[in-house]
Amino acid sequence: MDKMLVQGGNSLRGDVAVSGAKNSALILMFASLLAEGKHELTNVPNLMDVRSAKTLLEALNCKVEFSNGRLSIDVSKPEKLVAEYDLVRKMRASILCLGPMLSKYGEASVSLPGGCAIGSRPINLHLEALKAMGAEIEIDKGYVHAKCPRLQGTEILFEFATVGGTENVMMAASLAEGVTTIENAAKEPEIVDLANYLNKMGAKITGAGSSIIRIEGVEKLNATEHRVMPDRIEAGTLAIAGAITSGDIVIRDCEPLHLDALLSKLRDTGVGVHVESQSIAIKGVKEWRAVDITTAPHPAFPTDLQAQFMAFMTLANGTSVISETVFENRFMHVTELIRMNADITPKTRVAVVRGKPGGLVGAPVMATDLRASASLVLAGLAASGETEVNRIYHLDRGYEKLEEKLSKLGAKIKRIKE
Ligand code: EPZ
């Protein structure tokens, strides 16, 4: 298994470009199943999860070509409307082929995605919504079997603003009979990107980005093309990399408006933040203040940046209280940061970080999930000595060439292939 060696102490300097958004590209790939014919997606990041989604689409009778950020998907009716376990277990977002397949072909069997390191990741809200639209849902031998000749538009109220649940319903409702409204919908930018793509396909969706989304079902959708939005979590991770190394960097090809919560918190710590329409400039400071964060659905502080921000707070002046309200087990990075001499007291969904400027010491650590691995790399950039981040395949799921991007900014980081 590959590992990353990081020598701490260099301040990052220079410009870096952000790749397309993993959490949009994956969903747009599954949305393509709603319309037979040739779809073209550009600005698609070359990640393990994207390659896994490509394999799943090929198993569903799509012809998929992917090179230089361009993904073409030629959709034909799947021979078997089944998303197999061995494909879904590799990438739990595969559950997002359920809504499109069910709505387009009247039935679908998708392996239950199961949990992951950060939580049990249930899909009850997805299934309850599809049932409310008329689907017969049965769970058997680890698969969700869904059937409905034509889904019926209805009113859906989510008890939690679930991103995946909102996406599955938007896709399913696009070909349903009548109007579907989603209340307490997720407002993440990826929801807006999906609505833009579906509307280009001929869907009639309004309200994406707000908590009430209206989808008027149509008879047919058509293949189309779309440029994937920039990855706001990669942009946020790079911003924190600039801050934690007291660096001076510019992050390009990003959408600063997607990162208001993070940028506001970085400013509160004393870091210089300057935004232009498509770029963010980070001017680090020698010492920074501790601030509290609470993760919650967009536009609040994103749970996907919590681990990275915690690494930043371990070196702050003062104590930071970090509350994780979205996932029940998203502090797996805490024990590893403690191995690097961080002073953190984890409780249930809250961690108290007593910052110590210059306090991190390089050590061998273990990545446990995608964003935890990013957190450990960032900590290594600012620690004294060498940090060895093991099981770096977690990082490869969601970051395209991160070590190259960081090296170009002056980081001393290399991948050891094992
Ligand atoms: C998406 O996951 C993202 N993944 C996650 O990014 C992100 O952390 C999450 O949204 C929150 O922003 C993709 O887009 C592929 P949710 P998703 O449904 O859709 C509970 C990363 O690091 N819930 O909003 O699974 C659930 O248990 C990944 O890139 C139910 O209880 O997120 C969790 O506690 C990690 N029942 C909370 O809601 C349901 O039916 C958030 O889940 C659905 C969700």
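Let's start in helix α10, where the buried residues are Q306, A307, Q308, F309, M310, A311, F312 and M313. That makes the helix mostly covered, with 8 of its 8 residues buried. Keep in mind as we go that this is a predicted model.

Two of those α10 residues carry aromatic rings worth following. A search through the whole structure turns up 3 aromatic pairs. In one of them, W288 and F312 are stacked, with ring centres 4.8 Å apart and 20° between the planes. This pair ties together distant parts of the chain: W288 belongs to the loop between β17 (280–283) and β18 (293–295), while F312 is in helix α10 (residues 306–313), 24 residues away. W288 and F312 are both buried.

F312 also has a ring partner inside its own helix. The centres of F309 and F312 are 5.8 Å apart and the planes meet at 70°, so this pair is edge-to-face; the cut-off for that label is over 60 degrees. Why are F309 and F312 separated by about one helical turn? Because they are 3 residues apart in helix α10. F309 is buried, just as F312 is. Zoom out a little and the ring pairs join W288, F301, F309 and F312 into a cluster.

Stay in this part of the sequence for a backbone detail. The peptide bond running from H298 to P299 is cis, with omega near 10°. P299 sits in the loop between β18 and α10. H298 then leads us to another histidine, because H258 is in contact with H298 and also with P189, M229 and R232, leaving aside its neighbours within four places in sequence. H258 itself is found in the loop between β15 (248–252) and α9 (260–269). Is H258 buried or exposed? Its relative accessible area is 19%, so H258 is buried, given that the cut-off is under 20%.

Now for some helix packing. Two packed helices are described by the angle between their axes and the distance between the axes. For helix α6 (residues 163–174) and helix α7 (residues 189–200), the axes come within 10 Å and cross at roughly 10°. The two helices are therefore roughly parallel to each other, since angles under 35 degrees get that label. Which residues of α6 and α7 meet? On the α6 side they are V163, T166, E167, M170, M171 and S174, and on the α7 side E190, I191, L194, A195 and L198. Sorted by class, this contact has 7 nonpolar, 2 polar and 2 charged residues.

S174 offers a way into the next stop, V218. Setting aside neighbours within four places in sequence, V218 is in contact with S174, along with R150, L175, A176, G202 and K204. V218 lies in the loop between β13 (212–216) and β14 (225–227). With 11% relative accessibility, V218 counts as buried. If you want a distance to check in your viewer, V218 and I156 are 18 Å apart in space, C-alpha to C-alpha, and 62 residues apart in sequence.

What about the cysteines? A disulfide is a covalent bond between the sulfur atoms of two cysteines. How many disulfides does the structure hold? The count is 0. Take C116: the closest cysteine sulfur is in C97, 18 Å away, which is too far for a bond. The surroundings of C116 and C254 can be read from their accessibility: C116 is partly exposed, with a relative accessible area of 33%, whereas C254 is buried at 1%.

Last come two backbone angles you may want to look at. K141 has a positive phi of about 50° although it is not a glycine. K141 lies in the loop between β8 (136–140) and β9 (143–147), and is exposed, with a relative accessible area of 74%. R391, also a residue other than glycine, has a positive phi too, near 55°. You'll find R391 in the loop between β23 (386–390) and α13 (393–396). R391 is partly exposed, with a relative accessible area of 36%.

Note on methods: Residues are numbered from 1 along each chain as its sequence is written. This is a predicted model: local features need pLDDT of at least 70, side-chain atom pairs count only at pLDDT 80 or more; totals for chains, interfaces and linings use all residues. Side-chain values use heavy atoms; hydrogens and water are left out. Rings of Phe, Tyr and Trp (its six-membered ring) pair if their centres lie within 6.5 Å; planes under 30 degrees apart count as stacked, over 60 as edge-to-face and the rest as tilted. Helices (H or I, at least four residues) and strands (E, at least two) are DSSP runs, numbered from the N terminus. Buried means under 20% relative accessible area, exposed over 50%, partly exposed in between (1.4 Å probe, protein chains only). Axes are lines fitted to C-alpha atoms, for helices over the stretch in contact, and angles run from 0 to 180 degrees between N-to-C directions. Angles under 35 degrees count as roughly parallel, over 145 as roughly antiparallel, 65 to 115 as roughly perpendicular and the rest as oblique. Contact means heavy atoms within 4.5 Å. Ala, Val, Leu, Ile, Met, Phe, Trp, Tyr, Cys and Pro count as nonpolar, Asp, Glu, Lys and Arg as charged, and the others, Gly among them, as polar. A disulfide is a pair of cysteine sulfur atoms within 2.5 Å.
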